[in-house]
Amino acid sequence: MSPAINERTALIVVDVQPDFMPGGALACHEGDAIVPGIARLLRARRFRHVVATQDWHPAGHASFASSHPDTQPFQQIALHGQPQTLWPDHCMQGTPGAALHPDIDWSAADLILRKGSDPQVDSYSAFRENHGPQGSRPATGLAGWLRERGVEEVLVCGLARDVCVLWTAQDAVALGFRAWLAWDLSRPVTPDSDDATRASLQSQGIGVVDAADFAIA
Ligand code: VGL
Ligand code: ZN
């Protein structure tokens with residue numbers, strides 16, 4: 001099955017930013033391979049509602065290994081009582097690596113949603129931040145934005161497949177939307193994560209599609 005793309009479907013393009021490209025501060029495996037396909041998809045204007053997210057951290061962000069003494073990138077620590085992977089410094093506000101990818105024409109994006117700007121809290125999902133000091137996951141407002149526009153179904157693509165794309169699709173379902181992940185328009189930050197990602201998607205009722213399944217002539 002693939003999504004019936006209509007006025008109740010939104011496309012969510014997650015974190016397609018230079019820092020997640022090969023050679024970038026937090027490179028995704030083959031992250032650049034998705035850029036032409038996403039550029040085509042936006043150019044085709046198939047979607048009535050398009051959201052682009054932008055990872056957008058202040059210097060000294062709590063998700064950076066450099067903010068915690070005696071830690072290394074990709075190590076896990078406990079933060080606000082939850083496991084937190086520490087990352088290299090990335091997507092620092094206003095830097096070229098944090099820009100929306102310059103090879104994509106973003107004109108079709110109705111909403112550009114920045115996330116991760118709370119210095120103490122990471123934010124993978126487009127819908128809710130990670131756990132904060134209060135224990136809850138603060139909403140970004142995206143669910144309300146989509147609902148007020150009548151959206152019932154989301155198609156998620158971008159980076160990273162095993163982190164922000166996955167969390168966004170999972171939250172979409174938890175918040176009552178149908179969700180699909182565009183597999184060939186996403187790439188992981190951890191190369192051997194695909195089996196675990198597919199298992200999570202399947203167990204949560206998130207469909208997997210390729211761009212060809214909703215192809216544009
Ligand atoms: C992401 C790790 C840290 C992502 C963002 O976009 O998947 N991953 N910040
Ligand atoms: Zn980040």
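**Close-up views of a predicted model**

**Figure 1. The largest cavity and the residues around it.** The lining of the largest cavity is made up of 13 residues, and those nearest its centre are F20, L26, W87, V163 and C164. The structure shown is a predicted model. The space inside the largest cavity amounts to about 110 Å³. Counting cavities of 30 Å³ or more gives 1. When the lining of the largest cavity is sorted by class, 8 residues are nonpolar, 3 are polar and 2 are charged.

**Figure 2. The site of the zinc ion (ligand 2).** Three residues of the protein supply donors to the zinc ion (ligand 2): D55 through OD, H57 through NE2 and H90 through NE2. These protein donors lie 2.0 to 2.2 Å from the ion. Along the chain, the donors of the zinc ion (ligand 2) have the spacing D-x1-H-x32-H. The site has 4 donor atoms, and the angles among them run from 89 to 169°, an arrangement classed as irregular. D55 has a relative accessible area of 3% and is therefore buried. H57 is likewise counted as buried, with a relative accessibility of 1%.

**Figure 3. The largest pocket and its lining.** The volume of the largest pocket is about 380 Å³. Its lining comprises 21 residues, and Q76, P83, T85, Y124 and W167 are the closest to the centre of the pocket. Two or more lining residues come from each of β3 (76–79), β4 (82–85), α3 (164–174) and α4 (194–203). The element that gives the most is β4, with 4 residues. By class, the lining of the largest pocket holds 9 nonpolar, 9 polar and 3 charged residues.

**Figure 4. Y124 and V121 in the loop between β5 and α2.** Y124, one of the residues closest to the centre of the largest pocket, is placed in the loop between β5 and α2. The relative accessible area of Y124 is 9%, so this residue is buried. Y124 and C164 are 40 residues apart along the chain, and their C-alpha atoms are separated by 4.4 Å. C164 is also among the residues nearest the centre of the largest cavity. V121 lies in the loop between β5 (111–115) and α2 (142–148). With a relative accessible area of 2%, V121 is buried. A distance of 24 Å separates the C-alpha atoms of V121 and S193, which are 72 residues apart along the chain.

**Figure 5. Backbone features in three loops.** L159 and A160 are joined by a cis peptide bond, with omega at about -15°. A160 is located in the loop between β6 (153–159) and α3. E30 is not a glycine, yet its phi is positive, at about 55°. The position of E30 is in the loop between β1 (9–14) and α1 (35–44), and this residue is partly exposed, with a relative accessible area of 39%. H80 also has a positive phi, of about 50°, although H80 is not a glycine. The loop that holds H80 runs between β3 and β4. H80 is partly exposed, its relative accessible area being 27%.

**Figure 6. The span listed in the UniProt record.** An unreviewed UniProt entry lists residues 9–212 as "domain: Isochorismatase-like". In the model, the C-alpha atoms at the two ends of residues 9–212 lie 17 Å apart. Helix accounts for 19% of the span and strand for 23%.

Conventions:
Residues numbered from 1 in each chain as written. Chains lettered and ligands numbered in written order. Predicted model: local features only at pLDDT ≥ 70, side-chain atom pairs only at ≥ 80, totals over all residues. Heavy atoms only, no water. 1 Å grid on protein atoms, 1.4 Å probe; cavity = no way out; pocket = protein on both sides within 12 Å on 5 of 7 lines; lining within 4 Å. Points joined across faces, edges and corners; volume = space filled by probe spheres on them. Nonpolar A, V, L, I, M, F, W, Y, C, P; charged D, E, K, R; others polar. Donors = N, O, S within 2.8 Å, 3.2 Å for Na, K, Ca; no water. Tetrahedral: all angles 85-135°; square planar, octahedral: opposite > 155°, others 65-115°. Buried < 20%, exposed > 50% of the residue type's maximum accessible area, 1.4 Å probe, protein only. UniProt positions renumbered as here; feature names shortened; annotations may be inferred.
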